[in-house]
Structure formats: structure tokens, C-alpha cells
Amino acid sequence: MEAYLDLLKLILPEMLVEHFDLVKSEQLEGKLKLYFEERNVVPQEFKTRQLVSKGFHNEVIIQD
């Protein structure tokens, strides 16, 4: 399972791969669609603070 993460790090920003999980992929009409969900992990620098979730933003499409 780790092998696909190494491949994704080569073609996508590493930040995306580190902070999001790949939950689905589709190949349609010669296009590859990858679906990610943000991980519910508090960054180390904010571990001592009380965080309040404000929800999520709308879906974003990145084309390259």
C-alpha cells in the first residue's frame, strides 16, 4: 500500500499526500480522477492548543 504513496509524491505536491488520504480513483475518457479526504490529525505545533472545527470547504478540482 505504501508504494502508491511514493508514486503520488512524485506527481502531486507532497503536502497533499501527507495531509490527505486517497479514498477513490476513477479513469474516465482518458482522465484520471483522484479523490482525497483530509486527515483528522492535529499538526505537532498545535497539539497544545484547543482547536475547534469550523467544517469543510466545498470540493476543489485541480487540473494539470
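## The largest pocket

By class, how many nonpolar, polar and charged residues does the lining of the largest pocket have? The lining has 14 nonpolar residues, together with 4 polar and 6 charged ones. Please keep in mind, as you look around, that this is a predicted model.

The space in this largest pocket comes to about 1,200 Å³. In total, 24 residues line the largest pocket, and those nearest its centre are Leu34, Phe36, Val60, Ile61 and Ile62. Which element gives the most to this lining? That is β2, with 8 residues. Helix α2 (14–19) and β2 each supply at least two residues of the lining.

## The second largest pocket

A second pocket is worth a visit too. The second largest pocket has a volume of about 550 Å³, and 14 residues line it. Nearest its centre you will find Glu38, Arg39, Asn40, Val41 and Pro43.

Sorted by class, the lining of the second largest pocket holds 6 nonpolar, 4 polar and 4 charged residues.

## Following strand β1

Now let us turn to strand β1, starting with Phe20, which has its place in this strand. Is Phe20 buried or partly exposed? Phe20 counts as partly exposed, because its relative accessibility is 22% and buried would mean under 20%. Setting aside neighbours within four places in sequence, Phe20 is in contact with Phe36, Glu37, Glu38 and Arg39. Between Phe20 and Tyr35 there are 9.5 Å in space, C-alpha to C-alpha, and the two are 15 residues apart in sequence.

Leu22 is also placed in strand β1. With a relative accessible area of 26%, Leu22 is partly exposed. Which residues does Leu22 contact, leaving aside its neighbours within four places in sequence? They are Tyr4, Leu8, Leu34, Tyr35 and Phe36. Of these, Phe36 is 14 residues from Leu22 in sequence, and their C-alpha atoms are 4.5 Å apart in space.

Val23 lies in strand β1 as well. Val23 is partly exposed, since its relative accessible area of 47% is not over the 50% that would make a residue exposed. Beyond its neighbours within four places in sequence, Val23 is in contact with Tyr35, Phe36 and Glu37. From Val23 to Tyr35 is 5.7 Å, C-alpha to C-alpha, although 12 residues separate them in sequence.

## The loop at Glu29

Where is Glu29 placed? Glu29 is in the loop between β1 (20–28) and β2 (31–38). The backbone here deserves a look: Glu29 has a positive phi of about 50 degrees, although Glu29 is not a glycine.

As for its surroundings, Glu29 is exposed, because its relative accessible area is 79% and a residue counts as exposed when over 50%.

## Rings and a charge

Tyr35 has already appeared as a contact of Val23 and of Leu22. Its ring has another partner to show you: the charged end of Lys24 sits over the ring of Tyr35, 5.0 Å from the ring centre.

How many aromatic pairs does a search of the whole structure find? The search finds 0 aromatic pairs.

Methods: Residues numbered from 1 in each chain as written. Predicted model: local features only at pLDDT ≥ 70, side-chain atom pairs only at ≥ 80, totals over all residues. Heavy atoms only, no water. Helix = DSSP H or I, 4+ residues; strand = E, 2+ residues; numbered from the N terminus. Buried < 20%, exposed > 50% of the residue type's maximum accessible area, 1.4 Å probe, protein only. Contact = heavy atoms within 4.5 Å. 1 Å grid on protein atoms, 1.4 Å probe; cavity = no way out; pocket = protein on both sides within 12 Å on 5 of 7 lines; lining within 4 Å. Points joined across faces, edges and corners; volume = space filled by probe spheres on them. Nonpolar A, V, L, I, M, F, W, Y, C, P; charged D, E, K, R; others polar. Phe/Tyr/Trp six-rings, centres within 6.5 Å; stacked < 30°, edge-to-face > 60°. Lys NZ or Arg CZ within 6 Å of the ring centre and 35° of its normal.
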